[in-house]
Amino acid sequence: MSARVLFRPTIQYNEEAEPEMRLKVGNLFPFSQCFISHEFPQLSGKKMGDPVSDYTARLQQQEHEIQSLSAEIESLKNPQNLSSTQRLDELREENARLKYRLNILKRSLQEESARCPKSMMNINQRLQEVFGEAIRASCPELDNPPLAVTPNQQAKFGDYQCNSAMAMAQMLKAKGIKVNPREIAEKIVQNLPDNELVEKTEIAGPGFINIHLKRTFVSKLLTNLLINGVQPPPLASRKRVVVDFSSPNIAKEMHVGHLRSTIIGDSMSRLFEFLGYDVVRLNHVGDWGTQFGMLIAHLQDKFPDYLTVSPPIQDLQAFYKESKKRFDEDEDFKKRAYQCVVKLQSKEPDFIKGWNLICDVSRKEFQKVYDCLGIQIIERGESFYQEMMMEVVKELEERGLLELDEGRKLLFVPGQSIPLTVVKSDGGYTYDTSDLAALRQRIYDEKADIIIYVTDSGQGTHFQVVFAAAQLIGWYDPQVTRVEHAGFGVVLGEDKKKFKTRSGDTVRLMDLLEEGLKRSMDKLQEKERDKVLSPEELTKAQRSVAFGCVKYADLSHNRINDYVFSFDKMLDDRGNTAAYLLYAYTRIRSIARLANIDEAALRKAAETTEVLLDHDKEWKLGKCILRFPEILQKILDDLLLHTLCDYLYELATTFTEFYDSCYCVEKDRKTGEVVKVNMWRMLLCEATAAIMAQGFDILGINPVQRM
C-alpha cells in the first residue's frame, strides 16, 4: 500500500442528530515531529507508521477531499433541466451537507498545519482563513464573497485590515438588498471564530476592520523561527517545476541580454526550491541550425586535422565572425556550408565531431559566467528536440491542424494574430517547431505542473501563440498546468540607450563581471577594508559585493521594465542596493560577536528566553520579520522578485530604527566593558539576520560574516 492511502479522515453522517453533532471526524493524534519533509527528496522512502509519512498522507488526502467536495459544490450551484422542485430541494439539501463537510475538513486541515511547528506561518493567510469563515457566516446569501486582508500601512490603525465590507455591500445592492457597510463589518466581527492570533478589532470609516495581533502570538512565532530556523510554509502537494532560462547561442559570446534571463531564472528556481518544489533548471541553448554548416566548413579549412588534433580556438566570437564574412562573400563557401548542414543533420560522424568541438568551446566560456554567478543549470539545447519535432509535425498533420501556404506548413490558432510556421518551404523546422516540441516534452515526459520561460518581453507574442496552440492541440489545461512567460525589459546604458560598448558592440558578459570585481575592490580599499580584513576575507568580500550588486541591481527593478545599468549606483552603500544590505547584514551579525555571545548561547537563549515586544520598535521589527512567508507567496503568484528586494530593504531599515532606539548591549562608557546584555533583543537581531540570509539565498547573493 502506498503512503498516499494510509489515512482518510473517518467521517460518519448521522441524519437524526443535532447539526453540530452529525459529523464525527476521526481523532488526529499529535506528533512531535511533523515538518513536511515529504517535500524534500532526502526524506522519501519512510516506513509505514513513520509520523512524517502519516502526516503527509493525511494532509494530501484532506487536500484531495477538499478539492473533490469543492468541485461537487460548484456542480450543484447551477442545476440544469431539473424535473421537479422536489429534485431542486434535494440538491439544495445535499449542497448544504457538502458545505458543512467541506468546512469540517478545512478546519481539520488547519489543525494539521498548526501541528507542524517547524514551518513558518503565513499570518496574512491565517487571517484570511479566520475572516473568510466570519464573512461567509455574515452573508450566507453571497456566493464567493470578497476576502481582502492586507497589512495596515499605519501602525496606529492596527497591524492588518479587512476591507471586505464595502465590496460586500455593493454585491448585496446588486441583489436589491441595501445594507450599510458598517453593519456588515459589525456582523463580520461578531462572527469571528475563536482563534489564536487576533487580540482585538476596531471598525473605522465606512467599514474598515482594523486588526490588532496578540503580542504573545507574535512572540511565539519568533521563538519558533529562532529554534527551527527559517522554514518554508507547508506545501499541500509537491509540484514539479521547469524553469527555462539563460539560453545563450553556441558560438556566440554571452552578452548583457543573457544576464537578465540568467539572474532572474536562477532566483525563481531558488524560490521554488526553498518552498519545497521539485525544480528542473533548463538551459535551452541555440545549438542547432544552418549557422553550424558555415562554422564546420570554416573549421575544416582552418584546422584540417581537427578530427585528430583538438583545434586551439581561443576566441569563438572572432571565429564566428570570420565564417560569417566568408558565408556572405564567397558563393562556393556558402554552397559547401549548406552541404555541411545536410551532413550534420544526417548525423555523419565527422560532422557530429566538428559540431561537438564547437559546442564544447562555447560551453567552457558559458561555464566561466555560471561559476562567477553561482548558477546551476542543465543544458538541453535545440538539438535535443530534433526527433520530437518530427513527432509534433506528424501529430498536427494527422489532426488536420496545418495549412499549406506557399510551401510552408502553418498552424493558425483562433484568437491569435499570427500563425506558427511549423515547417519551412525547404522542409526545415523553425523556433516555433522546437518550442512546441520542448513544451510537449516538458508536459508529457517531465510531467511538469508549472513551466516558466524567462526571456525578454520581445518574445511575449511568440510564447502567447505557442501556449495557445498547445491548448488547442489539447496538450494541457491552463486550469491544471501553469505555463507562463516571465518576460523582462532590456538593459540600458546610463545614456538611456541599449547598453553597448563605446565602439557600439554588445557588452561581453565576462568583461562586465571582471569590471565589477575591479570596482568592488576599489570600493573596499577606499573604505580601508584591506587594512582590517585578511587577504582571504577581502577576496570573499570583493566577490560578494561585485556579483551581489550586479544581481541585486537587476532583481530590485520590476523585471517587466527596462533598467539602467550603472556600477556607481549599484556599488553605492546608501539606499536600496546590495552594498547597503550586505553591510547591514554583517553589522547585525557582528553585534553578538562583539558582545562575546556565541551561537550556542544564542541557541540556548532561544529555548529559554521570551522575545519581549513591549517597545514600539521591537513590535514593528517582530511583525516585519514574520511577513517573510507573505512576501514569498506574493512572488509565487506574480513572479516579480523586486518584491523580495523591497522587503529586505524595509527589514534592514526597520532593524536600524530598532537598533537606534533599543539597547541590545549596554557597555561601561569609560572602560567599554559589557555591563548588560538584553538577550531578547539579541534574539531579534538573530531572527532579522536569519531572514536576511534566506532572502539573500533566494536572490543568489552570498553574504559574508565580515566586510
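How far apart should the ends of helix 22 be at 1.5 Å a residue, and what is the distance between its end C-alpha atoms? Keep that in mind while you get your bearings; what you have open is a predicted model.

**The whole chain**

Start zoomed out, with everything shown as cartoon. The protein has 707 residues, 49% of them buried. Its secondary structure comes to 23 helices and 18 strands. Take the contacts between residues at least 6 apart in sequence: 73% of these join residues at least 24 apart.

**Stop 1: helix 22**

Select residues 642–661. That is helix 22, with 20 residues, which should span 28 Å at 1.5 Å a residue. Put a distance label on its end C-alpha atoms and you get 29 Å, which agrees with the expected span.

Now turn on side chains. Towards the start of the helix, the buried residues include His-642, Thr-643, Leu-644 and Cys-645. Carry on along it and you can pick out Tyr-647, Leu-648, Leu-651, Ala-652, Thr-654, Phe-655 and Phe-658, which are buried too.

What do the buried residues of helix 22 pack against? Add helix 16 (535–555), helix 18 (578–594), helix 20, helix 21 (628–638) and helix 23 (679–699) to your selection, and you have the partners on screen.

**Stop 2: helix 6 against helix 20**

Keep helix 20 (residues 616–626) and bring in helix 6 (residues 215–228). The two pack with their axes 10 Å apart, at an angle of about 55 degrees. Helix 6 and helix 20 are therefore oblique to each other, and their crossing is left-handed.

For the contact itself, show Arg-215, Val-218, Leu-221, Leu-222 and Leu-225 on helix 6, then Trp-619, Gly-622, Ile-625 and Leu-626 on helix 20. Colour these contact residues by type and you get seven nonpolar, one polar and one charged.

**Stop 3: two loops with positive phi**

Jump to Lys-447, in the loop between helix 13 (431–444) and strand 13 (450–453). Check the backbone here: phi is positive, about 55 degrees, although Lys-447 is not a glycine. Is this lysine buried or exposed? Its relative accessibility is 57%, so Lys-447 counts as exposed, the cut-off being over 50%.

Last pick: Asn-596, in the loop between helix 18 and helix 19 (599–608). You met helix 18 earlier, among the partners of the buried residues of helix 22. Asn-596 is another residue other than glycine with a positive phi, near 60 degrees. With a relative accessible area of 69%, Asn-596 is exposed.

Definitions and conventions
Residues are numbered from 1 along each chain as its sequence is written. This is a predicted model: local features need pLDDT of at least 70, side-chain atom pairs count only at pLDDT 80 or more; totals for chains, interfaces and linings use all residues. Side-chain values use heavy atoms; hydrogens and water are left out. Axes are lines fitted to C-alpha atoms, for helices over the stretch in contact, and angles run from 0 to 180 degrees between N-to-C directions. Helices (H or I, at least four residues) and strands (E, at least two) are DSSP runs, numbered from the N terminus. Angles under 35 degrees count as roughly parallel, over 145 as roughly antiparallel, 65 to 115 as roughly perpendicular and the rest as oblique. A crossing is left-handed if the near helix is turned anticlockwise from the far one by less than a right angle, and right-handed if clockwise. Contact means heavy atoms within 4.5 Å. Ala, Val, Leu, Ile, Met, Phe, Trp, Tyr, Cys and Pro count as nonpolar, Asp, Glu, Lys and Arg as charged, and the others, Gly among them, as polar. The expected span of a helix is 1.5 Å times one less than its number of residues. Buried means under 20% relative accessible area, exposed over 50%, partly exposed in between (1.4 Å probe, protein chains only).
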